[in-house]
Amino acid sequence: MSVTPAFEAAKRAGRAALVGYLPAGFPTVDESIAAIETMIDSGCDVIEVGLPYSDPVMDGHAIQRAAAMALAGGCRTREVLRVVEAVAGKGVPILVMTYWNPIERYGVDAFARDFAAAGGAGLITPDLIPDEAAEWIAASDAHDLDRVFLVAPSSTKERIALTVNACRGFVYAQSIMGITGARDSTSSAAPGLVERTRAATDLPIGVGLGVRDGDQAAEVATFADGVIVGSAMVSCLLDAPDEKAGRKALGSLTAELAEGVARGAG
Amino acid sequence: MTEPVTGPDARGHWGQFGGRFVPEALVAALDELDAAYRKAMADETFTAEFDRMLREYANIPSPLYHAERLSREVGVRVLLKREDLNHTGAHKIRNVLGQALLTKRLGKNRIIAETGAGQHGVASATAAAYLGLDCTVYMGAEDCRRQALNVARMKMLGAEVIPVTAGSQTLKDSINEALRDWVSSVDNTHYLLGTAAGPHPFPVLVRDLVSGIGREARAQCLDMIGRLPNAVTACVGGGSNAMGIFHAFVPEESVALYGFEAGGKGLDTGKHAARLVVGNQGVLHGARSYLMQDDDGQIIESYSISAGLDYPSVGPEHAWLKESGRATYEAVTDAEAMDAFQRLCRTEGIIPALESAHALAGALRLAPVLRERHGDDAVVMVNLSGRGDKDMETAATYFGLTEDAA
């Protein structure tokens, strides 16, 4: 199931799509499944499931901590596939965001096969650029999976063209030169980057890194097709006194963000 | 016959190794660095200035020294390339001066560096002070404890030292933190990577900056004995000192190249950093190489008595030298390294870095083989990549000398 119908439906509704991120296995495998269900029920149009990794160079404090907890709890690639299988089929496409080494170790084609069988939509690969992605491009073609590469404020026109041509599903515009983490203000670079990317592709463009509340989501939704939220959602669970309170906070935040993306486009 | 060793290609690949596995945000900076470095290396004003800094500031070329007493003991001629005599006490000063000079050429005013043992951090802080750059060093909290004196040195030189508390609190986590910083600061900051690893162009850039070690040693050896050595040995952490001495000898098929990794407490204990010997292929810190990883591709923490060798990946050119058969890689345990360490102290009055003690231990292991192959004339050259002052606490504890003093 590609993300394409979800982006199209949001567009028909005159709004941006809300893309929510949570690492699999955080705080436990079963609780991550419950939390993702909460995100789906509260208004996420697309889910990014993080594959916990020992060396997450693109991630800030919140996601690092969550990934470390997931790993300590024994969550590995097979458990990630279990999470995908559990939350797929609820009408919301499931992407996995993953650093590259665990996929290579599993076997690129084997992962693509098993992930597609679990109902997954595609991969977001923060440390794999199209230049090095020949094996993944072949595997994702073979198993009909979305391929989401990133563009950044520092990307040249040539690199944006190269990247969007390799993408399928949507393009992930990294709105700031930095790592994941909620910020007080959204990026001034993001609108320009989205404009430059839009000139190169008809694919939807999602903007991520730094969004933490409904107002920011509304702001990003004025120029992007998708608003991606990660650390702020992870923090709902990290900061909560217990699982129930965490899911409640997560549901409230998701609803607020969903309201934001609708307001922004309106 | 070995395969011809060439490379890297224009995108930084040696065979399947190397490349760029990085966030897109860093690609522009890597491209900029690649272009600037190629231009600088072809620019005589840059190379002349680099040479002048090495000569006048860093005490380079370092001597090639015939360790006569040790040679008599082991039955082959042992030549030591004395990189320990360089300013700041290791081969690393070559790399940092070169990259700091490039930083200025790039119009940037800040460097960040990662450090394990502290040698690269001290060298970076030194180069920053010398060239008037701001300097931030990421160092694992565990390493900060192991190498407190080097932390003080860096601060004395004006650098900011940030202890890294994530993960295993060692070198690999410091590299992660430095990469995080760099993604956020790339406009005014150069990441002064400390070894011949990481994304292209770092492996080839660092190799080229330190390759004077091998060029000097080759010429010095010809002067001293009228021929090349039978073997060259070096320790391999990230791999810069080894690439530095190997590079000039790679085309010389008569010279056997040996890299020695940290065997730690033994390969069967899992407490080691022998990636090329028992690791497998994967991607970490921007390049494809050999790694220590589990069945799920999660990185395993490495171990060595030497913080400088305690790293779960290795520079991609070493992976290629292994794959092509041009170089041989073996593991040396902590115990073997410490024996070699003590032996050099007692026979030559030279206290080597624990890293370099691995290269020496490897040479001592090879000595009987070389003697059998080449007779009385056998010559082994050891890259004595650094001095052991920084490791005295570890060594004193290991040999029980602290209790004697009390």
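User: Into which domains is chain B divided?

Analyst: Chain B has domain 1 (14-56 + 92-201) and domain 2 (60-89 + 211-399). These bounds come from an automatic or database domain assignment. The model is predicted: local features need pLDDT of at least 70, side-chain atom pairs count only at pLDDT 80 or more, and totals for chains, interfaces and linings use all residues. Residues are numbered from 1 along each chain as its sequence is written, chains are lettered from A and ligands numbered from 1 in the order in which they are written, and side-chain values use heavy atoms, with hydrogens and water left out.

User: How many residues of domain 1 of chain B are in contact with domain 2 of chain B?

Analyst: Contact means heavy atoms within 4.5 Å. By that rule, 38 residues of domain 1 of chain B touch 43 residues of domain 2 of chain B. The domain centres, taken over C-alpha atoms, are 23 Å apart.

User: How do you know that the span of helix H1 of chain B agrees with its residue count?

Analyst: Helices (H or I, at least four residues) and strands (E, at least two) are DSSP runs, numbered from the N terminus. The expected span is 1.5 Å times one less than the number of residues. H1 (residues 27-41) of chain B has 15 residues, so 21 Å is expected. Its end C-alpha atoms are 21 Å apart, which agrees.

User: Why is B:Asn176 called buried?

Analyst: Buried means under 20% relative accessible area, exposed over 50%, and partly exposed in between (1.4 Å probe, protein chains only). B:Asn176 has 3%, so it is buried. This residue sits in helix H8 of chain B. Beyond its neighbours within four places in sequence, B:Asn176 contacts A:Asp55, A:Val57 and B:His285.

User: What about B:His285: buried or exposed?

Analyst: B:His285 has a relative accessible area of 7%, so it counts as buried. It lies in the loop between strand E12 (280-284) and strand E13 (286-291) of chain B.

User: What makes the phi of B:His285 notable?

Analyst: Most residues other than glycine have a negative phi. B:His285 is not a glycine, yet its phi is positive, about 50°. B:Asn59 also has a positive phi, about 65°, and is not a glycine.

User: Why is B:Asn59 called partly exposed?

Analyst: Its relative accessible area is 46%, which falls between the two cut-offs. B:Asn59 is in the loop between H2 and E3 of chain B.

User: Which peptide bond leading to B:Pro61 is cis?

Analyst: The bond from B:Ile60 to B:Pro61 is cis, with omega near 10°. Most peptide bonds are trans. The bond from B:His200 to B:Pro201 is cis too, with omega near 15°.
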